[in-house]
Amino acid sequence: MADTERTPAPYTEADLALIKRIIPHRYPFLFIDKVRDIVPYESAVGIKNVTCNEPHFQGHFPAEPVMPGVTIIEAMAQTSAVVVGISMNIIDKPLSTYFMGIDGCKFRRMVVPGDVLELHVSAKRGGGKIWKFEGRALVDGQLAAQAEFTAMMALKSDD
């Protein structure tokens, strides 16, 4: 992907169908259901409806299901990848996202089936291949997790 700026795609919201056109993640590793309030190159809010049907709850933990913290961070990253896809107008293209770093990660509240997880992400640096975001995961307005993360975005070449 060139570091030149592109005209953003004309979306302020992404439903599940659009999300799948931007990021490659699929069940059981797709952790967002919707993205709203998209401001290209700046921010968005991802939505994850947490249900008891998710496979990680079989082992984490059967008697007291708790969403693993790493999946919360991954959901923030997936929300951020949608922001990048909209910002760079990369829809229906093979966009790969690779974590480069996670900093200041803290977990403040358990996330359990029945919760609606709001994933507030803001770009701190971006526009090319390397993007840095800060994210906050909220349930009912309460902070569940927070982190800063850096990722490299790359379009796969058509060989």
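Start by selecting S80 in this predicted model and showing what surrounds it: beyond its neighbours within four places in sequence, S80 is in contact with V121, F133 and F149. S80 sits in helix α2 and counts as buried, since its relative accessibility is 2%.

Now colour the whole of helix α2, residues 69–87. The helix packs on the sheet, where it touches β1, β2 (43–49), β3, β4 (116–125), β5 (130–139) and β6. Look along the helix and compare its direction with that of β6: the two make an angle of about 50°.

Next, hide the helix and look at the sheet by itself. What order do the strands take? Reading across, you get β1-β2-β4-β5-β6-β3, an open sheet of six strands with antiparallel pairing. At the edges you'll find β1 (34–39) and β3 (95–107), each pairing on one side only. From one strand to the next, the twist averages 25°.

Zoom in on β3 and its partner β6 (residues 142–155), which run antiparallel and pair over 10 bridges. A handy landmark here is F107, which stands opposite A145 in β6.

Time for the aromatics. Select Y41, F99, W131, F133 and F149 together: they form one aromatic cluster. Across the model, the count of aromatic pairs comes to five. Take F99 and F149 to begin with: the ring centres are 6.3 Å apart and the planes meet at 85°, so this pair is edge-to-face. F99 belongs to strand β3 and F149 to strand β6, so to speak a long-distance link, with the two positions 50 residues apart. Is each ring buried or exposed? F99 is partly exposed at 38% relative accessible area, whereas F149 is buried at 2%. Then move to W131 and F133, whose ring centres are 5.8 Å apart with planes at 10°, so this pair is stacked. Both W131 and F133 are buried.

Switch to charged side chains. A search of the whole structure turns up eight salt bridges, and three of them make good stops.

- Select K34 and E13: they form a salt bridge, with the closest N and O atoms 3.9 Å apart. K34 is in strand β1 and E13 in the segment before α1 (16–22), 21 residues apart. K34 is partly exposed at 34% relative accessible area, and E13 is partly exposed at 43%.
- Select E118 and R36: the closest N and O atoms of this salt bridge are 3.2 Å apart. E118 lies in strand β4 and R36 in strand β1, so the pair ties together parts 82 residues apart in sequence. E118 is partly exposed at 25%, and R36 is partly exposed at 22%. Add D37 to the selection and you have a network of salt bridges linking R36, D37 and E118.
- Select E148 and K132: their side chains meet in a salt bridge at 3.6 Å, N to O. With E148 in strand β6 and K132 in strand β5, the pair ties together parts that are 16 residues apart in sequence, so you can trace it from one strand to the other. E148 is partly exposed at 23%, while K132 counts as buried at 18%.

Last stop: the cysteines. How many disulfides does a search of the whole structure find? The search finds zero. Select C52 and you have an exposed residue, at 56% relative accessibility. C105 is partly exposed, at 33%.

Conventions: Residues numbered from 1 in each chain as written. Predicted model: local features only at pLDDT ≥ 70, side-chain atom pairs only at ≥ 80, totals over all residues. Heavy atoms only, no water. Pairing = 2+ DSSP bridges. Helix = DSSP H or I, 4+ residues; strand = E, 2+ residues; numbered from the N terminus. Axes fitted to C-alpha atoms, helices over the stretch in contact; angles between N-to-C directions. Contact = heavy atoms within 4.5 Å. Phe/Tyr/Trp six-rings, centres within 6.5 Å; stacked < 30°, edge-to-face > 60°. Buried < 20%, exposed > 50% of the residue type's maximum accessible area, 1.4 Å probe, protein only. Disulfide = S-S within 2.5 Å. Salt bridge = Lys/Arg side-chain N within 4 Å of Asp/Glu carboxyl O.
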